Amino acid sequence: MDGFGSDFSSAAGSGKMDTGTIMEQVKVQIAVANAQELLQRMTDKCFKKCIGKPGGTLDNSEQKCIAMCMDRYMDAWNTVSRAYNSRLQRERARI
């Protein structure tokens, strides 16, 4: 993340802002934010679903539950993402 700020400030300081570079950096930052959000939501939901009494270790059933929950969550996320991207492409084609 430091790279984004330093690249942006050096480009702004020189008076030469490459719009394409800035857009790519913004896209990367959005992708990172989306991945962090996915991980946080998945962790919260699967923890609440699978962990009854938090302790120092996970027992076998908790480990299996966490793994299955995360797999299902990722499958659902991917399905929704594909449907959303497909809809965006259809909408862009209409314009």
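**Note on a predicted three-helix model**

1. In this predicted model, the largest nonpolar core has eight residues, namely Leu38, Met42, Cys46, Cys50, Ile51, Ile66, Cys69 and Tyr73. The elements that contribute two or more residues to this core are H2 and H3, and H2 gives the most, with four residues. As background to such a cluster, nonpolar side chains in soluble globular proteins tend to be buried together.

2. Cys69, a member of this core, deserves a separate look. When its neighbours within four places in sequence are set aside, Cys69 is in contact with Cys46, Lys49 and Cys50. Of these partners, Cys46 and Cys50 are themselves listed in the core.

3. On the overall arrangement, the protein contains three helices and zero strands, and the pattern read along the sequence is α-α-α. Buried residues account for 13% of the 95 residues in the protein. Among the contacts with a separation of 6 or more, 40% are made by residues 24 or more positions apart.

4. The largest pocket holds about 240 Å³ of space, and the elements that give two or more residues to its lining are helix H2 (19–50) and helix H3 (60–94). The lining is made by Ala31, Asn34, Ala35, Glu37, Leu38, Trp77, Val80, Ser81, Tyr84 and Asn85, and these residues divide into six nonpolar, three polar and one charged. Leu38 appears in this lining and is also listed in the largest nonpolar core, so a reader tracing either feature in the structure will come to this residue, which as a core member counts as buried because its relative accessible area is under 20%.

5. The count of salt bridges comes to three. In general terms, side chains of opposite charge can pair when their charged atoms come close. The pairs are taken in turn in the points that follow.

6. Glu37, which belongs to the pocket lining, forms a salt bridge with Arg41, and the closest N and O atoms of this pair are 2.8 Å apart. Because Glu37 and Arg41 are four residues apart in helix H2, about one helical turn separates them. Glu37 is partly exposed, with a relative accessible area of 31%, and Arg41 likewise counts as partly exposed, at 43% relative accessibility.

7. Glu24 and Lys27 form another salt bridge, with the closest N and O atoms 3.8 Å apart, a value to be read against the cut-off of 4 Å that applies to such a pair. The two residues lie three residues apart in helix H2, so they are separated by about one helical turn. Glu24 counts as partly exposed at 45% relative accessibility, and Lys27 is also partly exposed, with a relative accessible area of 49%.

8. What does Arg94 pair with, and how far apart are the closest N and O atoms? Arg94 forms a salt bridge with Glu91, and the closest N and O atoms are 3.4 Å apart. Since Arg94 and Glu91 are three residues apart in helix H3, they too are separated by about one helical turn. Arg94 counts as exposed, at 65% relative accessibility, whereas Glu91 is partly exposed, with a relative accessible area of 35%.

Conventions
Residues numbered from 1 in each chain as written. Predicted model: local features only at pLDDT ≥ 70, side-chain atom pairs only at ≥ 80, totals over all residues. Heavy atoms only, no water. 1 Å grid on protein atoms, 1.4 Å probe; cavity = no way out; pocket = protein on both sides within 12 Å on 5 of 7 lines; lining within 4 Å. Points joined across faces, edges and corners; volume = space filled by probe spheres on them. Nonpolar A, V, L, I, M, F, W, Y, C, P; charged D, E, K, R; others polar. Core = buried A, V, L, I, M, F, W, Y, C linked by side-chain atoms within 4.5 Å. Buried < 20%, exposed > 50% of the residue type's maximum accessible area, 1.4 Å probe, protein only. Contact = heavy atoms within 4.5 Å. Salt bridge = Lys/Arg side-chain N within 4 Å of Asp/Glu carboxyl O.
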